[in-house]
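Trainee: Could you take me through a close look at a single place in this model, and then show me how to read the rest from there? I would like the terms fixed as they come up.

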Amino acid sequence: MSHASKSIISVIPKQLPVIPTMDVVVFPNMIVPLLVVDERIINGINEAIEQDSKYVLLLASKKQGDAESDAIGTKDLYTIGTVASIMRIIHVPDGGVKILVQGQCRAKIKNIKPDDTSLQALIEPFEVSLNPDSTAITAHTKNIKSIAEKMVYSGQAPSPDFHAVLSKMSDPHKIADFVLSHLNLGVQDAQQLLETEDFESLLELLSNHLSREIEVAEVQEQIKNRTRDSMNKAQKEFYLREQMRAIKEELGEDTGEEIEEIRQKIVDLPLSEESRKEVMRQLSRLEKTSSDSMEAAVLRNYLEWVVALPWGSLTTDNLDLKHAQAILDEDHYGLREIKERILDFLSVKALKPNSTAPILCFYGPPGTGKTSLGKSIARALGRSYQRVALGGIRDEAEIRGHRRTYVGALPGRFIQGMRKADSMNPVMIIDELDKIGSDFRGDPSAALLEVLDPQQNNEFHDNYLGLPFDLSQVIFIATANDLRTISGPLRDRMEIIELSGYTPTEKYHIATKFLIKRACAECGIQEEQFQLSQEIVENIVTSYTRESGVRELARIITKLCSKGARALIETGEIPAFTIENIEQYLGPRKFIEDIADKEHKIGITNGLAWTQYGGEIIKIEAVTMPGSGKLLLTGKLGDVMKESAQAALSYARSHAEDFDIQADMFTKYDLHIHVPAGAVPKDGPSAGVTILSSILSSLTKRPINAEYAMTGEINLRGHVMPIGGVKEKLLAAKRNNIKNIFLPLQNKKDATDMDEVIEGMNIKWVSHADEIINEILLPA
Ligand SMILES: Nc1ncnc2c1ncn2[C@@H]1O[C@H](COP(=O)(O)OP(=O)(O)O)[C@@H](O)[C@H]1O
Ligand SMILES: [Mg+2]
């Protein structure tokens with residue numbers, strides 16, 4: 001309807017090329033395909049497009065019938081039409097063009113000028129006037145809705161969602177548009193509606209038309225009832241099909257070959273009785289709808305999805321464990337325990353194919369091989385591999401699919417994945433499970449539970465598909481950086497397998513055994529040509545990367561490799577890369593030891609923290625300033641961390657004498673504790689000892705030994721209690737070249753398996769804060 005905003009009217013040119021339409025009146029907002037064969041009209045369209053205008057004027061013809069044979073006489077055209085924008089143009093082989101247009105607003109013709117080359121009109125766009133408070137309008141829209149409802153009950157709605165959609169609309173313009181696009185009007189009636197300038201009268205006319213459709217449909221129904229008695233079912237179907245075919249042929253629509261093709265494909269699918277019935281029902285709906293209509297597009301799309309899914313097709317597993325082991329070793333260095341666990345998992349699959357083994361979840365910092373391990377498992381088994389990325393998904397429909405009410409609707413990610421996998425038993429990586437969100441559009445993690453639950457997933461229901469689909473043969477493998485954001489029930493279904501960061505030595509091996517090879521293949525150079533000494537690889541690891549995984553490392557090696565490739569092209573050989581010349585290729589070293597970092601300062605302590613990106617060194621700062629004994633905390637700290645700061649302060653206060661701190665320090669001064677990297681929220685109790693060290697340093701003005709880093713929770717009596725993420729934290733210290741570490745004594749058991757990580761480190765296992773303070777506070 002012409003709620004075309006003023007702005008649309010103001011951008012429409014005063015003169016537009018005319019496209020006469022036969023048999024149809026296009027209303028604003030309607031999208032209609034048109035076939036144009038007349039040369040003058042094609043010229044007009046082309047001219048408009050050359051002048052960067054996409055607008056045309058559609059005028060219905062009073063004369064009905066055969067558009068092709070009649071020359072257009074301008075006197076046969078109505079004088080009120082619709083300005084439409086061209087959405088798409090397709091040139092058809094025999095010289096005509098097919099265009100897709102969308103109605104924008106109504107327009108009167110002021111003057112029409114046929115000339116030899118094109119048909120142009122001077123126009124004046126106008127809008128239908130509306131008094132929004134009019135009670136008559138409210139009454140009419142109500143009436144229209146109730147007629148629509150009646151039509152649904154008596155089975156005469158023009159489309160299945162007619163009433164459902166209509167009942168949700170409140171804008172009278174939208175309602176009018178929607179009804180207009182569904183009414184089955186002759187040109188004269190439609191033109192009358194188009195010419196109606198007053199909105200109230202328009203609504204009235206619309207409801208009259210709707211009522212009339214009900215009457216017509218009722219009469220049709222009576223006739224049908226009569227025929228039903230006189231014909232048996234098979235005869236009738238044949239007769240109706242033939243008739244439909246004839247009608248479609250007459251209309252120049254496809255004659256059902258396409259439909260037959262789909263029908264045959266559906267017959268061949270191994271569907272359950274019920275599913276087949278449902279799909280056939282949709283197929284017969286397609287047969288009955290006009291093939292240009294929106295609904296037909298939706299139905300065709302749907303049937304295409306159904307046919308494309310891998311119903312019942314399975315790949316054969318390769319369950320040879322030796323082969324699996326070989327593949328895992330071929331793709332990944334180290335990860336011994338993890339590979340063992342994967343082989344256990346595959347053994348169970350071999351012995352009990354339908355076991356409801358838990359879902360594996362690889363958990364650890366980025367770049368540690370989680371996603372690529374999943375891929376290796378698929379390769380080892382000889383299964384198809386699919387990755388479903390869940391990062392940032394908030395909408396439940398991404399998992400369960402959209403309802404098929406609109407043209408762009410799609411199945412959810414899992415059904416999409418199944419189509420791509422092309423088998424019922426792929427390995428599906430649910431990547432970044434922890435990054436899934438939730439909001440008003442539903443809770444995707446609840447939907448995910450249904451996907452993963454072996455009790456339910458043999459009949460997974462996707463809203464788009466509308467048929468149960470069996471996901472029980474899929475091997476799901478999840479990956480996550482952070483377990484805290486995964487919902488409890490989801491976590492319960494999974495077996496968490498932890499991948500921790502790599503030590504520099506492991507990184508060196510991964511680089512030489514895997515990354516260099518891959519980089520060469522990627523850059524198209526021979527491995528023999530691209531030799532890197534141990535020294536240079538180690539230097540790259542320590543000076544250019546500071547990550548838990550090897551992603552950046554892989555990137556830098558590929559970069560170096562591409563520099564080599566360039567040199568090869570330019571000079572015919574790849575230079576030897578050395579410690580001295582490496583900066584020439586990779587830019588300045590990013591992580592050189594900063595001497596200032598190792599300076600002993602008052603109030604600044606190196607803490608070891610765990611983040612979802614691996615371990616990190618965080619410097620916790622404390623300062624005192626004249627005030628009244630307040631504690632100020634900044635740096636986006638969580639509640640637990642704030643409390644832990646309170647506890648540290650209380651401990652310091654209660655032991656002030658031991659450290660020669662004047663009692664008035666706690667009343668005449670404020671204490672400010674700041675944890676930098678402010679944008680990252682931080683929480684947890686494990687910074688207790690670090691905060692205490694900074695507090696005591698700032699109160700005593702004794703500097704902190706910067707060669708130490710620490711982590712540990714403390715209680716009010718100063719006992720140091722165990723914390724998590726020991727390995728990641730130690731790796732972080734190592735990366736940052738800090739060798740002296742305080743760790744809670746109770747964490748010693750965690751370190752039994754970490755020889756390589758601990759190597760070269762000086763770890764002090766402590767049970768009381770004093771053991772730290774005495775060592776870390778240097779003389780003033
Ligand atoms: N142990 C390893 N051996 C060989 N390559 C590895 C290893 N760990 C990681 N990679 C490689 O590092 C890159 C990043 O791994 P990826 O699986 O994407 O990490 P994640 O999913 O854990 O973030 C991939 O190219 C992967 O093959
Ligand atoms: Mg990944």
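Mentor: A residue counts as buried under 20% relative accessible area, as exposed over 50%, and as partly exposed in between, with a 1.4 Å probe and protein chains only. By that scale serine 129 is partly exposed, at a relative accessible area of 43%. Before going further, keep in mind that this is a predicted model, in which local features need pLDDT of at least 70 and side-chain atom pairs count only at pLDDT 80 or more, whereas totals for chains, interfaces and linings use all residues. Residues are numbered from 1 along each chain as its sequence is written, chains are lettered from A and ligands numbered from 1 in the order in which they are written, and side-chain values use heavy atoms, with hydrogens and water left out.

Serine 129 sits in the loop between β6 (119-126) and α3, where helices (H or I, at least four residues) and strands (E, at least two) are DSSP runs numbered from the N terminus. If neighbours within four places in sequence are set aside, serine 129 is in contact (heavy atoms within 4.5 Å) with Glu197, Asp198 and Phe199. Threonine 356 is 227 residues from serine 129 along the chain, and their C-alpha atoms are separated by 65 Å. Helix α3, which borders this loop, covers residues 135-153 and contains alanine 139, a residue that counts as partly exposed at 46% relative accessibility. The C-alpha atoms of alanine 139 and leucine 203 are 9.7 Å apart in space, with their positions 64 residues apart in sequence.

Two other loops are worth visiting for their backbone angles. Aspartate 52, in the loop between α2 (39-50) and β3 (55-60), has a phi near 65°, a positive value in a residue other than glycine, and this aspartate 52 is exposed, with a relative accessible area of 74%. Aspartate 422, in the loop between α16 (413-421) and β9 (427-431), also has a positive phi, of about 65°, although it is not a glycine. Most residues other than glycine have a negative phi.

From the loops we can turn to charged pairs. A search of the whole structure finds 26 salt bridges, each being a side-chain nitrogen of Lys or Arg within 4 Å of a carboxyl oxygen of Asp or Glu. In one of them, aspartate 331 pairs with arginine 379, and their closest N and O atoms are 2.9 Å apart. Since aspartate 331 lies in helix α12 (residues 321-331) and arginine 379 in helix α14 (residues 370-381), the pair ties together parts that are 48 residues apart in sequence. Aspartate 331 is buried at 18% relative accessible area, while arginine 379 is partly exposed at 39%.

Glutamate 450 and arginine 400 also meet through their side chains in a salt bridge, at 2.8 Å from N to O. This pair links distant parts of the chain, 50 residues apart, with glutamate 450 in helix α17 (residues 444-452) and arginine 400 in helix α15 (residues 397-400). Here glutamate 450 is partly exposed at 25%, and arginine 400 is buried at 17%. As for α17 itself, seven of its nine residues are buried, so this helix is largely enclosed by the rest of the structure; the buried ones are Pro444, Ser445, Ala447, Leu448, Leu449, Val451 and Leu452.

Another salt bridge joins arginine 484 to aspartate 482, with the closest N and O atoms 3.0 Å apart; arginine 484 is exposed at 61%, whereas aspartate 482 is buried at 5%. Elsewhere, salt bridges that share partners join Glu260, Arg263 and Glu287 into one network.

For a helix with neighbours to list, take α20 (residues 534-544), whose buried residues are Ile536, Val537, Asn539, Ile540, Val541, Ser543 and Tyr544. These residues pack against α19 (504-523), α21 (551-571) and α22 (582-586).

Finally, the whole chain gives the setting for these places. Its secondary structure comes to 27 helices and 22 strands. The radius of gyration, taken over C-alpha atoms, is 37 Å, well over the 28 Å that the globule rule (2.2 Å times the number of residues to the power 0.38) gives for 780 residues, so the chain is more spread out than a compact globule. The C-alpha trace spans about 105 × 70 × 65 Å along its principal axes, and 47% of the 780 residues count as buried. Of the contacts with a separation of 6 or more, 74% are between residues 24 or more positions apart.
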